[in-house]
Amino acid sequence: MKQKWVFSNFILSMLVVCTIMYQSMHSFVHILEEIHHEKLADGHHEHTSLDGKKCSVCNFTFSPFTPVAFFSLQVLPKIVSHKQYTYQEQSFAASPIIYFSLRGPPIV
């Protein structure tokens, strides 16, 4: 099982390396095309450029994060409200039965 895990890790890492190498080789091919185009255009005075081409392979970049959309918060004015509290006294009648289970800790 461990050999299978090591093999799959190796294959996936080689896949990543090959895709990065492909992008580098592809940009090198564009440079060679530009040099070849300049050699052909030396005798004809044609000033055309290959920079106008859009290549999705060359424009691909690795980004370390997903762009975050920033939102602005609107601060609302503070609303002050006053509540009225009422207090009523309640009296309890003393019970002749002593509840030992409700007793607090002894006074030291």
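Colleague: How many disulfides does the structure hold?
Modeller: Zero disulfides. Keep in mind that this is a predicted model.

Colleague: OK, and the cysteines, then. Is C18 buried or exposed?
Modeller: In between: C18 counts as partly exposed because its relative accessibility is 47%.

Colleague: And C55, buried or exposed?
Modeller: C55 counts as buried, because its relative accessibility is 16% and the cut-off for buried is under 20%.

Colleague: What percentage of the residues count as buried?
Modeller: 3% of the 108 residues in the protein.

Colleague: And how much area does the protein expose?
Modeller: About 12,000 Å², with carbon and sulfur atoms supplying 65% of that.

Colleague: Switching topic: what's the secondary structure?
Modeller: Two helices and zero strands. Helix α1 covers residues 2-41, and F7 is found in it. S24 lies in helix α1 too.

Colleague: Let's stay with F7. Buried or exposed?
Modeller: Exposed, because F7 has 54% relative accessibility and anything over 50% gets that label.

Colleague: Which residues make the nonpolar surface patch?
Modeller: F7, F10, I11, M14, V17 and M21 make it, and the patch comes to about 580 Å².

Colleague: Back to S24. What's its relative accessible area?
Modeller: S24 has 43%, so it's partly exposed.

Colleague: And how many residues apart are S24 and V57 along the chain?
Modeller: They're 33 residues apart along the chain, and their C-alpha atoms are separated by 9.6 Å.

Conventions. Residues are numbered from 1 along each chain as its sequence is written. This is a predicted model: local features need pLDDT of at least 70, side-chain atom pairs count only at pLDDT 80 or more; totals for chains, interfaces and linings use all residues. Side-chain values use heavy atoms; hydrogens and water are left out. Patches are made of residues with over 30% relative accessible area and no salt bridge: like charges are joined within 9 Å, nonpolar side chains (Val, Leu, Ile, Met, Phe, Trp, Tyr) within 5 Å. Accessible areas come from the Shrake-Rupley method with a 1.4 Å probe; for residues, only the protein chains shown count as cover. A salt bridge is a side-chain nitrogen of Lys or Arg within 4 Å of a carboxyl oxygen of Asp or Glu. Helices (H or I, at least four residues) and strands (E, at least two) are DSSP runs, numbered from the N terminus. Buried means under 20% relative accessible area, exposed over 50%, partly exposed in between (1.4 Å probe, protein chains only). A disulfide is a pair of cysteine sulfur atoms within 2.5 Å.
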